[in-house]
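Welcome! Please open the viewer and get ready to select a few residues by number; this tour will tell you what to click next and what you will find there.

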Amino acid sequence: MTQTAYIKTPLGIAAISGDKEGITHVSVTQESTTIPSSKIPAHLQNAVTQLKEYFEGQRAVFDLKLNPSGTDFQKKVWEELLKIPFGKTATYLDMAKRLGDPKCIRAAATANGKNPLWIIVPCHRVIGSDGSLTGYAGGLWRKKWLLDHENPVKQQSLF
C-alpha cells in the first residue's frame, strides 16, 4: 500500500510516496495548507532522512530503493539523470547523445519533465545548450536554488 509523508524543505513542503517496493514519487507542493507529517511510515523513513541530509548539505548521493512508474524510454532517461554527478550539469543534447540518438532531444526533455522523483533523480541538473536554466516543473527559481546548493561559489581569499 502506497503511503505519503510530508516534510518541510527550504523549497516548500515535499511529498514522499512509496511502499515496500520502493519510493514511487517525490514532489514539492505549492500548497501552504499542507503540513509536515508527525509520523513517518517505516518504509519512507530512509528517504526522509536522506532528503533532510541533502538539504543540510550532508548528502550528495542518494541510496534508496526506487520504484517510479513510467514508460521504458522514460525510465532509461531517468537512469541517465542518475549518472549526472552532484554539483555538475548536463545539457539536453548531452542526454540525447547518452541515450544513443541526438535526434531524441525533445523526447528526452519531455521524459526529463515527467521525472516523478524530485531531487533524488536530479532532473534539475539538466540545462540548455547555451547554459540557460530551461524548463523545470518546480519552477526555475527552485532549479537555480538546487544548482546553487550543489555548487556554491567558493569565495577566494584575497590574502
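The stops below take in a buried charge, a pocket and some salt bridges. Keep in mind along the way that this is a predicted model.

**Stop 1: D19**

Start by selecting residues 12–19, which make up strand β2, and then pick out D19 within that strand. Is D19 buried or exposed, and which side chain of opposite charge is nearest? D19 is buried, and the nearest side chain of opposite charge belongs to K20, 6.7 Å away. Since a salt bridge needs the nitrogen and the oxygen to be within 4 Å, D19 is left without one.

Now add E21 to your selection. The backbone nitrogen of E21 sits 2.8 Å from a polar atom in the side chain of D19. Leaving aside residues up to four places away in sequence, D19 touches M1, T2 and H43, so show those three as sticks too.

**Stop 2: the largest pocket**

Next, select G113, C123, Y136, A137 and G138. Of the 18 residues that line the largest pocket, these lie nearest its centre. The space inside the largest pocket comes to about 310 Å³.

Which elements should you colour here? Try β3 (22–29) and α4 (105–113), as each supplies at least two residues of the lining. The largest share, four residues, comes from β3.

**Stop 3: salt bridges**

How many salt bridges does the model hold? The count is four, and here are some to visit.

- Select R59 and E53: their side chains meet in a salt bridge, with N and O 2.7 Å apart. R59 counts as partly exposed because its relative accessibility is 22%.
- Move on to K83 and E80, whose side chains form a salt bridge at 3.0 Å, N to O. K83 is exposed, because its relative accessibility is 53%, whereas E80, at 11%, counts as buried.
- Finish with K144 and D148, a salt bridge whose closest N and O atoms are 2.8 Å apart. Show helix α5 (residues 140–150) as a ribbon: both K144 and D148 lie in it, four residues apart, which is about one turn of the helix. K144 has a relative accessible area of 45% and is partly exposed; D148, with 40%, is partly exposed as well.

**Looking back**

To end the tour, return to D19, which is buried yet has no salt bridge, and compare it with E80, which is buried and pairs with K83 in a salt bridge.

Terms used:
Residues are numbered from 1 along each chain as its sequence is written. This is a predicted model: local features need pLDDT of at least 70, side-chain atom pairs count only at pLDDT 80 or more; totals for chains, interfaces and linings use all residues. Side-chain values use heavy atoms; hydrogens and water are left out. Buried means under 20% relative accessible area, exposed over 50%, partly exposed in between (1.4 Å probe, protein chains only). Lys and Arg count as positive and Asp and Glu as negative; His and the chain ends are not counted. A polar contact is a pair of N or O atoms within 3.5 Å; within protein, one must be able to donate a hydrogen and the other to accept it, and residues adjacent in sequence count only if both atoms are side-chain atoms. Contact means heavy atoms within 4.5 Å. On a 1 Å grid over the protein atoms alone, a cavity is a set of points where a 1.4 Å probe fits but cannot get out, and a pocket is an open set with protein on both sides within 12 Å along at least five of seven lines; lining residues have an atom within 4 Å of a point. Grid points are joined across faces, edges and corners, and a volume is the space filled by probe spheres set on the points.
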